[in-house]
Amino acid sequence: MPPILASKSRNTLFELVFVAELQPRALKVLHEWVKSESLRRHCYAVGDCMRHFAQKNGENADLWEAVGLLHDMDYERYPGQEQNGQQGHPFVAAQWLRDNGWSDEICRAVLSHANYSNVPRQTSIEKTLYAADELSGFVTAVVLVRPSRSISEVDVKAVKKKMKDKAFARAVNRQDIIDGAAQLGVPLEELITEVITALRADAERLGLTGQLVNLSSSSQ
Ligand SMILES: [Fe+2]
């Protein structure tokens with residue numbers, strides 16, 4: 001089934017209005033489903049990366065950010081459901097989105113970010129989501145382990161160094177990061193640079209501005 005919003009040239013005025021509302025609607029859904037601030041921040045971060053890559057490639061930034069915001073919406077309620085066939089994350093999210101009128105393009109992207117869903121990543125939005133998911137989490141971990149806790153002090157070299165440190169952030173699969181870049185057709189260093197840029201632009205909401213900045217802002 002062709003995605004409803006796959007071609008900008010085919011969009012009707014109604015669809016364009018609908019798309020413009022996607023980001024705030026996705027944010028509302030995320031907040032309804034996810035109460036954990038850390039998981040919300042992860043979804044914000046992936047959404048930021050998606051928006052960044054969409055703008056860079058002339059795609060619909062609201063649509064792409066919505067996919068990033070929604071991709072783990074069911075993870076808090078259904079964590080670690082990989083062993084439960086199609087009953088957990090992200091199948092619950094995709095089904096709920098489908099039942100509530102979200103497009104097939106969005107539902108398919110959400111499913112495809114999990115390797116065990118057996119939904120192959122075919123489109124740019126699907127490949128970008130997969131590439132941004134693990135890497136944005138890893139970059140965040142690199143920032144938070146530093147004394148400054150500021151993303152302004154983290155660069156490609158620091159991220160690559162931590163990728164070689166097997167004791168660091170063991171839950172993050174390095175091969176997924178490498179595969180994500182390869183499937184997207186972007187050199188790993190370039191992908192890391194873009195993700196850092198995207199996260200820096202939203203550092204305050206992501207809690208990555210550093211202790212000094214947070215202290216001064218909290219005293220206002
Ligand atoms: Fe995720």
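**Exercises on an all-helix predicted model**

Val 110 touches Val 67, Leu 70, His 71, Pro 90, Ala 93, Ala 94 and Leu 97, leaving aside residues up to four places away in sequence, where contact requires C-beta atoms, placed from the backbone, within 7 Å. The model is a predicted one, in which local features need pLDDT of at least 70 and side-chain atom pairs count only at pLDDT 80 or more, while totals for chains, interfaces and linings use all residues. Residues are numbered from 1 along each chain as its sequence is written.

**Exercise 1. Place Val 110 in the packing of H5 and H6, and state how the two helices run.**

Step 1: helices (H or I, at least four residues) and strands (E, at least two) are DSSP runs numbered from the N terminus, and by this count the protein has twelve helices and zero strands.

Step 2: the axes of H5 and H6 are 9 Å apart and pack at an angle of about 175°; axes are lines fitted to C-alpha atoms, for helices over the stretch in contact, with angles from 0 to 180 degrees between N-to-C directions.

Step 3: H5 and H6 are therefore roughly antiparallel, a label for angles over 145 degrees, whereas under 35 is roughly parallel, 65 to 115 roughly perpendicular and the rest oblique.

Step 4: H5 contributes Ala 93, Ala 94, Leu 97 and Arg 98 to the contact, and H6 contributes Ile 106, Cys 107, Val 110 and Leu 111.

**Exercise 2. Determine which residues have the most contacts inside the largest nonpolar core, and which helix gives the most to it.**

Step 1: a nonpolar core is a set of buried Ala, Val, Leu, Ile, Met, Phe, Trp, Tyr and Cys residues joined through C-beta atoms within 7 Å; buried means 20 or more other C-beta atoms within 10 Å of a residue's own, exposed 12 or fewer, and partly exposed in between.

Step 2: the largest such core has 55 residues, and Val 67, Leu 70, Val 110, Val 139 and Val 195 have the most contacts inside it.

Step 3: H7 gives the most to this core, with ten residues.

**Exercise 3. Describe H7, and decide whether Ser 136 within this helix is buried or exposed.**

Step 1: H7 (residues 124-144) has 21 residues and reaches 30 Å from its first C-alpha to its last, close to the 30 Å expected at 1.5 Å a residue, the expected span being 1.5 Å times one less than the number of residues.

Step 2: at Ala 132, H7 bends by about 25°, the angle between axes fitted to the seven residues ending there and the seven starting there.

Step 3: because 17 of its 21 residues are buried, H7 is largely enclosed by the rest of the structure.

Step 4: Ser 136 lies in H7 and counts as buried because it has 27 C-beta neighbours inside 10 Å. Leaving aside residues up to four places away in sequence, Ser 136 touches Ala 45, Val 46, Cys 49, Val 195 and Leu 199.

**Exercise 4. Locate the cis peptide bond and the residues with positive phi that are not glycine.**

Step 1: most residues other than glycine have a negative phi, and most peptide bonds are trans.

Step 2: the cis bond joins His 89 and Pro 90, with omega about -5°, and Pro 90 is in the loop between H4 and H5.

Step 3: Arg 149, with a positive phi of about 50°, is in the loop between H7 and H8, and Ala 169, with about 45°, lies in the loop between H8 and H9.

Terms used:
Two residues are in contact if their C-beta atoms, placed from the backbone, lie within 7 Å.
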